[in-house]
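Work through the exercises below with the sequence and the model at hand, attempting each task before reading its solution.

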Amino acid sequence: MNKKERKEKLIQLFDEQVPDQFNQILSKCQKVKKERKIIMTEKRKKFNWKLSFTFASCILLLIIGGGLFYNYNLNNKIDSIIDIDVNPSIELQINKKDKIVKYVALNDDAKNILQDMDLKNVDIDLALNAIIGSMVTKGYLDDLSNSILISVDNDDEVKAEQIRQRLANKIDSILNTGKIQGSVLSQTLSSNNNLNDAEKLAKKYNISLGKAQLIIDVLNSNSLLKEEDLVNLNINEINVLTQSKSNGLSTVEKKGDASTKAYISKEKAKEIALNDAKVTKYNKMEIEFDADNGIIIYDVEFETDTHEYDYEIDAVSGKIVNSNKEKHDEDDHNDYEDHDEDDDHTHHDTNSNNSNNTNTSSNFITSSKAKEIALNHAKVNNAQNIKVELDSEDREYSVEFKYNGKEYDYEIDAISGKIIEYDIEPIDHD
Amino acid sequence: MNEKLKRNNDYIMIDKLLHQIKDNDDDAFHQLYLLIKAPIYGYSLSILKNHDDALDNVQDVFINIYQKINNYDSKEKPMNWIFTITRNLAITKLRKMKPTVDFNSQIITSKDNNENTIWLKNLLQQLSSDEQTIIILHLLWGFKHREIAKMLDSNLSTILSKYHRSIKKIKQMEVQYE
């Protein structure tokens with residue numbers, strides 16, 4: 001059996017295991033759609049209630065002839081919803097006059113903050129002062145954990161954006177007065193069309209809509225992270241993670257950097273890993289923050305001439321959570337279709353930037369030839385970060401490089417040297 | 001080479017189907033289902049280790065695709081998008097049933113005892129959990145080894161060596177059954 005036959009056989013085997021349940025699935029989908037419609041009408045009903053209230057008050061207005069009730073209605077009509085997340089998560093509903101109509105503690109930490117406050121009818125700026133002050137006193141915001149997220153939901157996108165800017169600046173200045181170098185994340189929720197996902201996530205994990213939206217933003221730009229790893233983190237932890245990953249956030253504005261003072265330094269993490277591995281000389285080293293089961297870890301990867309190491313280190317305690325060591329030489333068997341595989345036939349060319357003729361299979365073009373083919377095709381002669389990898393099973397080279405703000409990705413047939421596929425993308429800077 | 005081209009066509013085709021689903025085309029949804037239920041089932045089975053739960057997950061994945069279809073963007077490779085959904089749902093399920101499932105526990109396939117099911121069961125028993133995942137991601141999903149390395153937080157050479165080990169085992173089985 002060759003690869004293609006084997007592949008088809010496997011697909012068939014797995015496919016047979018799944019009876020066609022499409023009709024069932026479709027009817028479930030349609031049911032969900034209906035339910036969603038009901039939720040939406042309920043939302044609208046709420047709105048209608050407000051409308052009818054206005055209507056009723058208009059009649060009353062006529063009867064009584066005073067502006068009293070109109071005023072009452074204006075005071076109680078919710079104009080914007082503001083979510084504040086640190087680890088305490090608080091929802092503030094404010095009217096057009098920026099006075100708080102209703103406020104909700106979304107978790108236990110929030111109850112702790114709000115327990116001795118009465119914020120009703122209080123101006124939003126004053127309330128923020130009180131809330132943030134209490135967060136500082138109670139130790140939720142300090143030099144070790146300095147991130148706060150504010151999310152503004154208003155049907156009018158322009159207004160939402162204005163409120164976001166104003167409140168983000170306000171929070172920043174409150175923190176400055178308290179001598180805390182804050183990292184203020186802010187976003188508007190109204191303009192976001194992914195809000196359905198955020199609503200689901202918020203409901204599922206009982207978190208604020210703002211935090212859910214932040215998590216979705218992080219997941220969208222880092223496909224290796226998982227929602228379960230993020231939901232239990234506080235805003236500073238999420239902020240630290242996004243700071244470390246190359247792709248930042250797309251819909252969230254940020255002022256000031258997340259504090260990493262609670263964590264051991266990168267150098268310390270590196271030292272712990274190297275000591276444990278008893279390695280002094282290494283070729284390549286990569287360290288970044290990562291999340292695992294609700295804790296922040298350092299992911300430390302390095303290579304020596306013979307081995308590859310991967311360490312996960314608890315960023316607070318410096319304890320090694322996980323480690324892995326693998327020998328280079330066991331790798332890269334030359335699976336030249338139905339030949340006997342034998343360790344003598346290995347060739348080695350995983351992440352060489354400049355390997356010439358490391359390939360013992362005489363049928364393959366060299367990695368430098370593959371590189372040349374790609375660069376010639378792209379008409380580029382001074383590319384950066386050139387990476388050539390040989391996938392011997394697929395018998396193809398992958399050539400990646402960066403040039404002039406773009407990322408090039410080529411796949412080249414390792415035997416014929418033909419370009420199988422190529423892809424040019426601008427490098428993400430957001 | 002041919003296979004490669006075909007796979008690229010699959011990508012284009014799946015992308016097209018997803019856009020049709022966006023426009024409420026239920027036939028396109030059915031076509032997509034028939035086209036990719038095998039990889040989704042295979043990956044779900046490798047995580048959940050159990051036929052019934054894997055079937056449940058296949059259903060949930062398609063319901064999710066339907067609900068989230070407006071978030072799909074052609075900039076992303078369609079199978080990567082679907083894979084993220086599949087993995088997240090499978091892992092959430094696994095969390096819920098965690099005490100009963102051990103990473104290395106044996107896969108329970110369907111109760112049908114036809115020749116093919118038995119073959120599949122034997123095949124999966126031969127492979128370690130990682131090897132199952134790699135074989136399924138490469139052969140069923142069409143992911144490249146280096147993509148798999150990224151997904152599994154591993155490196156290309158480890159993935160390749162595990163892949164070759166699995167292919168060796170599969171070849172041995174093929175000989176036995178011939």
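The exercises that follow concern a predicted model, and each solution goes step by step.

**Exercise 1.** Determine how helix α2 (residues 26-48) and helix α6 (residues 129-140) of chain B are oriented relative to each other, and describe the residues through which they meet.

*Solution.* Begin with the axes, which come within 9 Å and cross at roughly 170°. Angles over 145 degrees count as roughly antiparallel, and α2(B) and α6(B) are therefore roughly antiparallel to each other. Next, list the residues in contact: α2(B) contributes B:A38, B:P39, B:G42, B:Y43 and B:S46, which meet B:S129, B:Q132, B:T133, B:I136, B:L137 and B:L140 of α6(B). Finally, sort this contact by class, which gives six nonpolar, five polar and no charged residues.

**Exercise 2.** Locate the largest nonpolar core, and decide which helix gives the most to it.

*Solution.* The largest nonpolar core has 65 residues, of which A:L92, A:I148, A:I150 and A:I171 touch the most other members. Helix α6 (residues 157-177) of chain A gives the most to this core, namely seven residues. Because domain 2 (78-255) and domain 3 (266-327) of chain A both give residues to the core, it lies between them. Now take A:I148 as an example: leaving aside neighbours within four places in sequence, its contacts are A:I84, A:V86, A:L141, A:I171, A:G182, A:V184 and A:I235. Apart from this core lies another, of 52 residues, with B:Y33, B:A54, B:L127 and B:I159 among them.

**Exercise 3.** What share of the 430 residues in chain A is buried, and how many helices and strands does chain A have?

*Solution.* Buried residues make up 32% of chain A, whose secondary structure comes to 12 helices and 14 strands.

Key: Residues numbered from 1 in each chain as written. Chains lettered and ligands numbered in written order. Predicted model: local features only at pLDDT ≥ 70, side-chain atom pairs only at ≥ 80, totals over all residues. Axes fitted to C-alpha atoms, helices over the stretch in contact; angles between N-to-C directions. Helix = DSSP H or I, 4+ residues; strand = E, 2+ residues; numbered from the N terminus. Parallel < 35°, antiparallel > 145°, perpendicular 65-115°, else oblique. Contact = placed C-beta atoms within 7 Å. Nonpolar A, V, L, I, M, F, W, Y, C, P; charged D, E, K, R; others polar. Core = buried A, V, L, I, M, F, W, Y, C linked by C-beta atoms within 7 Å. Buried ≥ 20, exposed ≤ 12 C-beta atoms within 10 Å, placed from the backbone. Domains from an automatic or database assignment.
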